[in-house]
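Please open the model in your viewer and keep the sequence panel beside it. The tour below moves from one selection to the next and says what is found at each stop.

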Amino acid sequence: MFIDFMGVCFDQIFNQAAKFRYMFGGHAVTPVVVRTMWGAGLRAAAQHSQSLLSVFTHVPGLKVAAPSNAYDAKGLMIAAIRDDDPVIFAEHKMLYDTSADVPEESYVLPFGEANVVREGGDVTIVAIGRMVHTALEAAEELAGSGVQAEIIDPRTTSPLDVETILESVENTGRLVVVDESNPRCSLATDVAATSHRTRSGRCGRESSWSPARTPRCRSPTPRGPVHPGRAKIAGAVKTAVDYAR
Amino acid sequence: MTGTLPTPTSQELTPDQLLDAYRVMRTIRDFEERVHEEFAGGDIPGFVHLYAGEEASAAGVCAHLDGRDAIASTHRGHGHCIAKGVDIVGMMAEIYGKSTGSCRGKGGSMHIADLSKGMLGANGIVGGGPPLICGRALASKHKGDGGVAVAFFGDGASNQGTTLESLNLATVWNLPAIFVAENNGYAEATSSSWSVATDDIADRAAAFGMPGVIVDGFDFFAVHEAAGEAVARAREGGGPTLIEVKFTRYFGHFEGDQQLYRADEVANAREKLDCLKRFRANVTSGGQLTGTQLDQIDSEVAAAVDEAVVAAKAAPKPDAADLLTDVYVSY
């Protein structure tokens, strides 16, 4: 059901399911998978369009998966079902009509392993769900002006594959996070801050690069298009490239 | 379908059943009286909410339950734990936050659980338990294991959406579920006569298509009889029941509560209504048990509770490193 409706059952998710194992001293398992539909794009107004992944990512005890394509959806779903921890399985509503090659046989995509969707040496773009596709469109446009973007799809926000993101940023020196959620306390702020902090810690000094974010505006989700589009992503990349040039 | 049952007697229980019931109630009372004393000493972390005065509810319901069955509890959960067979040594250590506790010290008073005993946890969320037992009852129904699930909750929780949704779902799914509304008159400091829209909580059962029963919560036999009917109906596929148990809690909402919201109704309850006194009078006057038998249990329970406190105080605290474990099975 719509991720916007999670408020009516949030106690069961974040006070009960997420905490049983910890509160009961490791004696409990809560192997539940909650499927939910997220994201804007249907012009369905403020109560059917939200991108609340960060709300669940914030809660210790929960795992959060958000596949960007049908192949990943199958592998992540099988992993989620076999997992003994509670999983929020977030399916972007604008991806149901997309297709991908999906094998008949069972396979698992482990949680916490990002997918490098596109390789490039000039800038790292982290995007999730529908934004992976939008970022790919932007990358093609940027390639025309000589900027090669590397696109990373984390696949799961909890756990988050920080290592793959850092490896890419070590190479490119620039990070753009594409997120269609609200700007404060979002996946974008989290990935940017986590990457920056971790890299600074390793180098023993402040990073020489600055992450850029492309959240949507700060308001309830309007019925018109406000989520990051190709042009906005390309603009953020150009800003990052110019900053570190 | 709401009704008040005639007061039953002890005649239908065997002497062993009566002894077990008395032992459970006496253990709860002594456990809670002792936690009350020890909490004042300052060594117990967090909050504690004591069940003294309400013993007949947990004992009367859980006397019908076995290994197939599960219960969900409340912030006032010690009595439910004891009645469902959770070891008091582990419980006391848990309340003290020690590594030998039921939950290795990570839960405390409000989260004591023993899944191996079908005790799904005390619960820090008012109205947290009823949804849990719908899930457990649904699992038993699908497995066909004959199990029933019981949610104990308070008059405050009876107003929560989660409780009302659970009552509805239990009937819609025809679940082997029993909802025990323990109405002690106050949700924290708010009187149930003010906060509950109906005269009685049991009145709400009709709205959800299930039987609703009111029982005197100071009377073990009244609770036992009502719960027996409900458990039998649930096991036979007859669906859920709402039982409202009315009584008075002997201590405040939490230890430290000044109780400015209520007159001194506790002294009267302790003197004239107390479940342990009434039980003793009932079984000894009827000749099923002797006072000596009950005195013997009193002595054994006092020693057991004392041992639990001594063990809890002597037990090691969890290592600091343990604070960050058990968040996930794997991550």
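Start by selecting B:Asp219, which in this predicted model has a relative accessible area of 7% and, because that is under 20%, counts as buried. Its side chain meets that of B:Arg278 in a salt bridge, with a distance of 3.7 Å from N to O. B:Asp219 sits in the loop between β7 (212-216) and α8 (220-235) of chain B, whereas B:Arg278 belongs to helix α10 (residues 275-285), so the pair ties together parts that are 59 residues apart in sequence. Colour the two by accessibility and B:Arg278, at 30%, counts as partly exposed.

Next, show B:Arg26, B:Asp30, B:Arg280, B:Asp295 and B:Asp298 together, since salt bridges that share partners join these residues into one network. Centre the view on B:Asp298, which is placed in helix α11 (residues 291-314) of chain B and is buried, with a relative accessibility of 18%. What is B:Asp298 in contact with, once its neighbours within four places in sequence are left aside? The contacts are B:Tyr22, B:Arg26, B:Asp30 and B:Arg280.

Stay with helix α11 of chain B and select B:Glu300, whose side chain forms a salt bridge with that of B:Arg23 at 2.8 Å, N to O. B:Arg23 lies in helix α1 (residues 15-40) of chain B and B:Glu300 in helix α11, so this pair links parts that are 277 residues apart in sequence. B:Arg23 is partly exposed at 34% relative accessibility, and B:Glu300 is likewise partly exposed, at 33%.

Then follow helix α1 to B:Arg29, where a salt bridge to the side chain of B:Glu55 has an N to O distance of 2.6 Å. With B:Arg29 in helix α1 and B:Glu55 in helix α2 (residues 55-62) of chain B, the pair ties together parts that are 26 residues apart in sequence. Are these two residues buried or exposed? Both B:Arg29 and B:Glu55 are buried. Over all chains, the count of salt bridges comes to 27.

Now widen the selection to the boundary between the chains, where 24 residues of chain B are in contact with 24 residues of chain A. Together the two chains bury about 1,900 Å², with carbon and sulfur atoms giving 60% of that area. Highlight B:Tyr328, B:Val329 and B:Tyr331, which supply 28% of the area that chain B buries against chain A, more than any other three residues. Between chain B and chain A there are zero salt bridges, but eleven residue pairs are in polar contact. The side of chain B that touches chain A is made up of twelve nonpolar, nine polar and three charged residues.

Finally, hide chain B and colour chain A by its two domains, domain 1 (3-95) and domain 2 (115-243). In chain A, 25 residues of domain 1 touch 21 residues of domain 2, and the area buried between these domains is about 1,900 Å², 54% of it from carbon and sulfur atoms. One salt bridge is counted between the two domains; to find a salt bridge here, select A:Arg155 and A:Asp72, whose side chains meet at 3.0 Å, N to O. On the side of domain 1 that touches domain 2, α3 (53-57), β2 (63-65) and α4 (70-82) of chain A each supply at least two residues. By class, the residues of that side divide into 13 nonpolar, nine polar and three charged.

Terms used. Residues are numbered from 1 along each chain as its sequence is written. Chains are lettered from A and ligands numbered from 1 in the order in which they are written. This is a predicted model: local features need pLDDT of at least 70, side-chain atom pairs count only at pLDDT 80 or more; totals for chains, interfaces and linings use all residues. Side-chain values use heavy atoms; hydrogens and water are left out. Domain bounds come from an automatic or database domain assignment. Contact means heavy atoms within 4.5 Å. Buried area is the accessible area (1.4 Å probe) that two parts lose on being put together, summed over both. A salt bridge is a side-chain nitrogen of Lys or Arg within 4 Å of a carboxyl oxygen of Asp or Glu. Helices (H or I, at least four residues) and strands (E, at least two) are DSSP runs, numbered from the N terminus. Ala, Val, Leu, Ile, Met, Phe, Trp, Tyr, Cys and Pro count as nonpolar, Asp, Glu, Lys and Arg as charged, and the others, Gly among them, as polar. Buried means under 20% relative accessible area, exposed over 50%, partly exposed in between (1.4 Å probe, protein chains only). A polar contact is a pair of N or O atoms within 3.5 Å; within protein, one must be able to donate a hydrogen and the other to accept it, and residues adjacent in sequence count only if both atoms are side-chain atoms.
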